[in-house]
Amino acid sequence: MPVSLRQQLRQQRRQLDYLQQQHAARLLVRRLSRSLRWQRSRRIAFYLPVDGELDPRELLRLALQQGKYCYLPVLHPFHPDRMLFVRYQLTDRLHYNRWGIAEPVPSKARRILPRRLQLAFVPLTGFDRSGNRLGMGKGFYDRAFAFRIGNSRSPVLVGLAHNCQEVAGGLQAAAWDVKMDAICTPSEIIGRI
Ligand SMILES: Nc1nc2c(c(=O)[nH]1)N(C=O)[C@@H](CNc1ccc(C(=O)N[C@@H](CCC(=O)O)C(=O)O)cc1)CN2
Ligand SMILES: Nc1ncnc2c1ncn2[C@@H]1O[C@H](COP(=O)(O)OP(=O)(O)OP(=O)(O)O)[C@@H](O)[C@H]1O
């Protein structure tokens, strides 16, 4: 995997200032909350942003208000390369994982199997127009949604990204890479949701 490309893209998103981040997050809500896919989905995975990632928290608040079931990624307490999805509600206490990302407590009763999600918003460092994604480099999302490489069509995977995260020349996909069904940036939705 191209370490320097990942680093370069991470640096670019980190350089966006507070107002640019806020503006991007608002455009994202406007764009996605109108979509039929959003309206039809009751079980949705979000993430809590770090490192300049496009901030889906406004979208998360809207989903909670609308009575949807919302889930966040949590690093598996015993398997270092696995990630769980855990239900989140506004009153929940969050804990910081080893990379400083806030997570709910992964109690068994609140977990959901990734295949039961209807829609998942996926963080990324880079994307191309074919839905290829470059992540943080640990393969967590690729492993969690590996079943989508077969013929499964659900959940719909939507990568969220700032415009500056587009890799114009395209990304080389590895065999294990799970493609996004769509990429949503503040200015457009690329692909079908
Ligand atoms: N907001 C958010 N949550 C997420 C992810 C994500 O990309 N964004 N993940 C998506 O997978 C998982 C966490 N994956 C991560 C993978 C690497 C690093 C990281 O910062 N690594 C160090 C160096 C690597 C190391 O320690 O060996 C670094 O980049 O400095 C952080 C999160 C689950 N939660
Ligand atoms: N389905 C899988 N099963 C086993 N290992 C996997 C799987 N998917 C990815 N990996 C491993 O994870 C490593 C990192 O993959 P990659 O660089 O594509 O991560 P990423 O998509 O950028 O990261 P992330 O999903 O954490 O944001 C690879 O070396 C690969 O061996």
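Start by selecting Gln 21, which sits in helix H2 of this predicted model. Gln 21 has a relative accessible area of 14%, so it counts as buried, the cut-off being under 20%. Display its contacts beyond four places in sequence: Arg 13, Leu 16, Gly 52, Glu 53, Leu 54, Asp 55 and His 162.

**The second largest pocket**

Keep Gln 21 on screen and add Gln 22, Ala 25, Asp 55 and Arg 57; these residues lie nearest the centre of the second largest pocket, which has 14 lining residues. H2 and H4 are the elements that give two or more residues to this lining. Which of the elements gives the most to it? H2 does, with 5 residues. The space in this pocket is about 310 Å³. Colour the lining by class and you will find 7 charged, 3 polar and 4 nonpolar residues.

Among the contacts of Gln 21 is Gly 52. Step from there to Asp 51, in the loop between strand E1 (43–45) and H4. Asp 51 is not a glycine, yet its phi is positive, near 60 degrees.

**Helix H4 and the core**

Next select helix H4, residues 57–65, and pick out its buried residues: Leu 59, Leu 60, Leu 62 and Ala 63. They lie on the same side of H4, because the arc they cover around the axis is only 160 degrees. To see what covers them, show helix H2 (18–33), helix H3 (36–40), strand E2 (69–75) and strand E7 (119–123), which are among the covering elements. Beyond the end of H4, look at Gly 67, where phi is positive, near 80 degrees.

Go back to Leu 59. Leaving out neighbours within four places in sequence, Leu 59 is in contact with Leu 28, Val 29, Leu 32, Trp 38, Phe 46 and Phe 121. Leu 59 also belongs to the largest nonpolar core, a set of 46 residues. Trp 38, Phe 46, Leu 59, Phe 85, Phe 121, Phe 145 and Leu 160 are the members with the most contacts inside this core.

**The cavity**

How many cavities of 30 Å³ or more does a search of the whole structure find? The search finds 1. To locate the largest cavity, select Leu 32, Ser 35, Arg 37, Trp 38, Leu 119, Phe 121, Val 158 and Ile 193, which line it. H3 and E7 are the elements that supply two or more of these lining residues. The cavity holds about 30 Å³ of space. Its lining is made up of 6 nonpolar residues, 1 polar and 1 charged.

**The largest pocket**

Move to Gly 135, Met 136, Gly 137, Lys 138 and Phe 140. The largest pocket holds about 640 Å³ of space, and these five are the closest to its centre among the 31 residues that line it. Helix H1 (3–14), E2, strand E9 (133–134) and helix H5 (140–144) each contribute at least two residues to the lining. By class, the lining has 17 nonpolar, 9 charged and 5 polar residues.

**Two loop residues**

Now select Thr 125, in the loop between E7 and strand E8 (126–127). Is Thr 125 buried or exposed? Thr 125 is buried, because its relative accessibility is 0%. Its contacts more than four places away in sequence are Arg 6, Leu 9, Arg 10, Arg 13, Leu 134, Gly 135, Met 136 and Gln 165. For a distance check, take the C-alpha atoms of Thr 125 and Gln 12: they are 9.5 Å apart, with the two positions 113 residues apart along the chain.

Then select Val 167, in the loop between E10 and strand E11 (182–184). With a relative accessible area of 13%, Val 167 is buried. Not counting residues up to four places away, Val 167 touches Leu 5, Leu 9, Gly 126, Phe 127 and Asp 128. Leu 9 is thus a contact of both Thr 125 and Val 167.

**Last stop: a cis peptide bond**

Finish at Pro 155, in the loop between H5 and strand E10 (156–160). Which residue is joined to Pro 155 by a cis peptide bond? Ser 154 is, and omega for this bond is about -5 degrees.

How values were computed. Residues numbered from 1 in each chain as written. Chains lettered and ligands numbered in written order. Predicted model: local features only at pLDDT ≥ 70, side-chain atom pairs only at ≥ 80, totals over all residues. Heavy atoms only, no water. Core = buried A, V, L, I, M, F, W, Y, C linked by side-chain atoms within 4.5 Å. Buried < 20%, exposed > 50% of the residue type's maximum accessible area, 1.4 Å probe, protein only. Contact = heavy atoms within 4.5 Å. Helix = DSSP H or I, 4+ residues; strand = E, 2+ residues; numbered from the N terminus. Arc of directions from axis to C-beta. 1 Å grid on protein atoms, 1.4 Å probe; cavity = no way out; pocket = protein on both sides within 12 Å on 5 of 7 lines; lining within 4 Å. Points joined across faces, edges and corners; volume = space filled by probe spheres on them. Nonpolar A, V, L, I, M, F, W, Y, C, P; charged D, E, K, R; others polar.
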